[in-house]
Amino acid sequence: MDFQLTGKNCIVLGGSRGIGRAIALGLAAEGANVAICARDEATLHKAERELVQKGVKAYAASCDVADQHALTAFLKAARAALGGVDILVHNASALAVGPGLDDWNASLAVDLMAAVHACEQVIPWLLEQGSGSIILVSSISGLECDPTPDYGYTAAKAALIAYAKKLAVMHAAQGLRVNAIAPGSTEFPEGIWAQLKVHQPEVYQMAKSSIPAGRLGSAEEIADVAVFLASPRAQWINGECISIDGAQHRGMR
């Protein structure tokens, strides 16, 4: 299937590793130009080199998306470097899964408000050209609750889903599509589940046993759905949240 992404200009926030990197590379593999940001410069520029190897235009810059001014500057620089913006993917997460107020503040600042600030900046550009697609990366934690005290993380991820729906309703008539995806437990090198597999195997096994397929997902499996959803081939999908979890959340209590 031709995803009709050749020459499209995409921005992926939190695009240096894991799911964000896989989405960025998936878009580039379809011929799209990609700009990415993250805080760690080593992984960021490694991902940038991988994008360039796909034969597309790439731009990467270090950015703390919780800093609204820094985020705005990155978005403007990315637009200038690529020559426009057609797709925005918000994948950045603080991964603040504790019960404290600091965890709440981090989740709200990075997972939720960075998405709001990015959308406020990018949506006028998309409306001006009469088309565009936005993907907000949520989590199955935003769909169902498990017995862990990740209050702020869960609330922020649920808010992302509601925000995507609201933006879709408000802007569908102007050619804008906004959707969310909700990954389940996803394993990739140096990610949280890879670390738990080594240091807290009982937690890893508990998550694994909660998935009907008997394994965790991969970043590439999440990216495959995100790339399709962002593409013109998904033009009649708007205001949706698609879970990508091997039915994991169906069994959450």
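1. Helix H4 covers residues 101–129 (helices, H or I, of at least four residues, and strands, E, of at least two, are DSSP runs numbered from the N terminus), and because its 29 residues should span 42 Å at 1.5 Å a residue, the 41 Å between its end C-alpha atoms agrees; the expected span is 1.5 Å times one less than the number of residues. H4 nevertheless bends by about 40° at Met113, the bend being the angle between axes fitted to the seven residues ending there and the seven starting there. After H4 comes Gly130, with a positive phi near 80°.

2. This is a predicted model, in which local features need pLDDT of at least 70 and side-chain atom pairs count only at pLDDT 80 or more, while totals for chains, interfaces and linings use all residues. Residues are numbered from 1 along each chain as its sequence is written, and side-chain values use heavy atoms, with hydrogens and water left out.

3. The largest nonpolar core has 38 residues, and those with the most contacts inside it are Ile11, Leu13, Phe74, Leu75, Leu88 and Ile134. Such a core is a set of buried Ala, Val, Leu, Ile, Met, Phe, Trp, Tyr and Cys residues joined through side-chain atoms within 4.5 Å, where buried means under 20% relative accessible area, exposed over 50% and partly exposed in between, for a 1.4 Å probe and protein chains only. Among the elements giving two or more residues to this core are strand S1 (9–13), helix H3 (68–82) and strand S5 (132–137), but H4 gives the most, with eleven residues.

4. Not counting residues up to four places away in sequence, Phe74 touches Ile11, Leu13, Ala35, Ile36, Cys37, Tyr59, Ala61 and Cys63, contact meaning heavy atoms within 4.5 Å. Apart from the largest core lies another, of 34 residues, including Val56, Ile87, Ile135 and Leu229.

5. Glu50, in helix H2 (residues 41–52), deserves a separate remark. Glu50 counts as buried because its relative accessibility is 19%, and, not counting residues up to four places away in sequence, Glu50 touches Arg21 and Leu25.

6. Two residues other than glycine with positive phi may be checked together. Leu95, in the loop between strand S4 (87–90) and H4, has a phi near 50°, and at 44% relative accessibility Leu95 counts as partly exposed. Ala247, in the segment after strand S9 (241–244), has a phi near 70° and is also partly exposed, with a relative accessible area of 33%.
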